Amino acid sequence: MVTVRYAALRWRHDLGRRVGPRRAWDLRYEDPEQFARAVRGLPRSPVATLLRGRLAQVHLAWDEALRLAIEAERDLSDGTLWHARAMEVIGNILVVLQQDDAAVTYLAAASDDYDRVGDQVGRASSLQNRAILGFRTDQEALQMLLEALELAETAGDDGLTGTILLNIAEAGERLGMPEPARQAHLEQALRVLRGSWHDGYVKARCFQADALLARGDVEGAASMLLDVPDPSTILTLEARCAVACTLAELALRQGDPERGISLMRECLGEQLPAFDEQLVRRTLSRCLEATGDLRGALDEARLSAELQARQLGEASTTKARALDVWHRTAQLRRDRQRQAARADRLEQALAELREAHDRIRELSILDTLTGLHNRQHLLEMASLALSGAGPDNQAQVALLDVDGFKQVNDTHGHPAGDAVLRAFAQLLRAHLPAGDLVARYGGEEFVVVRPPITTIAPARDRQDALGLARDLDGFRQVADITQWRDHVGHPLPTVTASIGVAPVTCGSLEAALTLADQTMYAAKRAPWRWRAAAGRGCLGPARRYPCRQRSATRRAPCCRRSASAPSRPVTARRRWAPSPP
């Protein structure tokens, strides 16, 4: 499988200004030394903890890197960019620890998080890492690399595009990709890297030359290294060491070991990391052996072996500690997952409980047959609706009764009667403003409560006692031409109703209904059923004049004129329907 050679990268060239977390993250591949300085200067935060973990990963301190990355992932919010980066760091460390299943899970989660936050570069980088870390067949890896390439090109990240192209070229070689196509990917990668990341371009040239030398293609390797600059002109130590080792290996193959010795001794003049020093001494040993300096070659080989053994020992120790960290935190992770699952279940149960409560509440205030509010809700809400009523700001109450409803039930059956009530209620609700309280009072009786109009309305509108009557007249006009039908769609005779409308100046629904009831029965005694009488308002406060049920010929005490009341409105009778044929 493809080795982890070409790491995803991003870069900018503003190193002179103060480095923040975002810029520090971009520097992790471009300039490791600047990255380390930037991380050490960051204030404590979950993001800074993650960056310190990433720095520990650079230094191969796997235990510290994993501990810090797990701590950061725990404190960062799910579905954010930095949480995705934490998941990716943990996944890459788990690869080194050979925890393959867990690594796949974390890298896949990182890719999903990147996709969720719309970070195409992060998703492309994550896909590339998943492809080249050995968890897929070559064909699957190639498909993932092609997807990552498309994302990187769309995002305009030339460095990442170049590294993905290099990995595609390498994977294509094992997959039997035609040589022209593979070579085209390689040339495109080098061209993109040369224009965007010089050190990356140089290292890519060296990696390709090493691969050619391993196959014995010395001429091809020499051609690959033609435009590689002198190591002394390269800025980063890692790139200088890589170029020097490759040039020394080429010189050895070309029969010029002295040049290789010179290049390696120049490298040893610097303070090299243990891994780079081990490679340099191993190459130097081979060059010395080629010149006949067997003692020098043996000494360098021994030093290289000691360095490698020390690295392996240190790596084993840090990996063992990292595995200990991973296993010690496993129970915490499982507890966290169980708590999260329990929280999800509780949230779902709470949502279901709220839904059930809303449904119960709805059932408790609605009439199941008509869908209007029921009598209980009317009695509970009427006092609030009428609370602002006064002599200069009248509310209005209407009482409606479907005429001859018993005859409908007796003649056509109760299902037909239910259909009439449903249709009547729907038509009534549709012709009244949303602010009106419309309820089924009982049987075939309905009540409409219109609260007082706000005081910002014109005075003539606020004092209009016939506003509800006019709206109900519109309802009447539509109902008059409506073809009423029973529950199976058969036509029924015309349905009529008697309506009483009462203006209200006190907060008592009982008094208002008493007056509306009187006017409704006055309408019933009229020659035509579709008539209404606008009754007199209850002009005194309800607490001073308690409302009692009176006969149709006497008014309730609270309906008597008060000294401060406006003049008595005249009882109005209107013909609301054409006379019967």
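A disulfide here is a pair of cysteine sulfur atoms within 2.5 Å. Keep that in mind for the first stop. What you have open is a predicted model, where local features need pLDDT of at least 70 and side-chain atom pairs count only at pLDDT 80 or more, while totals for chains, interfaces and linings use all residues. Residues are numbered from 1 along each chain as its sequence is written, and side-chain values use heavy atoms, with hydrogens and water left out.

**The cysteines**

Start by selecting Cys287 and Cys245. The sulfur of Cys287 has its closest cysteine sulfur in Cys245, 9.5 Å away, which is too far for a bond. Cys287 is also buried, at a relative accessible area of 0% (buried means under 20% relative accessible area, exposed over 50%, partly exposed in between, with a 1.4 Å probe and protein chains only). How many disulfides does a search of the whole structure find? It finds 0. Now add Cys206: this residue is in no disulfide either, and its nearest cysteine sulfur, that of Cys245, is 9.1 Å away. Cys206 has 1% relative accessibility, so it counts as buried.

**The whole protein**

Zoom out and switch to cartoon. You should see 23 helices and 6 strands; these are DSSP runs numbered from the N terminus, with helices being H or I of at least four residues and strands E of at least two. Of the 581 residues, 49% count as buried.

**Helix 3 and helix 5**

Select residues 46-58 (helix 3) and 81-96 (helix 5). Their axes come within 11 Å and cross at roughly 25°. Axes are lines fitted to C-alpha atoms, for helices over the stretch in contact, and angles run from 0 to 180 degrees between N-to-C directions. Helix 3 and helix 5 are therefore roughly parallel (under 35 degrees; over 145 is roughly antiparallel, 65 to 115 roughly perpendicular and the rest oblique). Show side chains next: Val47, Leu50, Leu51, Arg54 and Gln57 of helix 3 meet Trp82, Arg85, Ala86, Val89, Asn92 and Ile93 of helix 5, contact meaning heavy atoms within 4.5 Å.

**Helix 20 and helix 22**

For the last stop, select residues 414-430 (helix 20) and 467-480 (helix 22). Are these axes parallel or oblique? They come within 9 Å and cross at roughly 135°, so helix 20 and helix 22 are oblique to each other. Light up Phe424, Leu427 and Leu428 in helix 20, which meet Leu472, Phe475, Val478 and Ala479 in helix 22.
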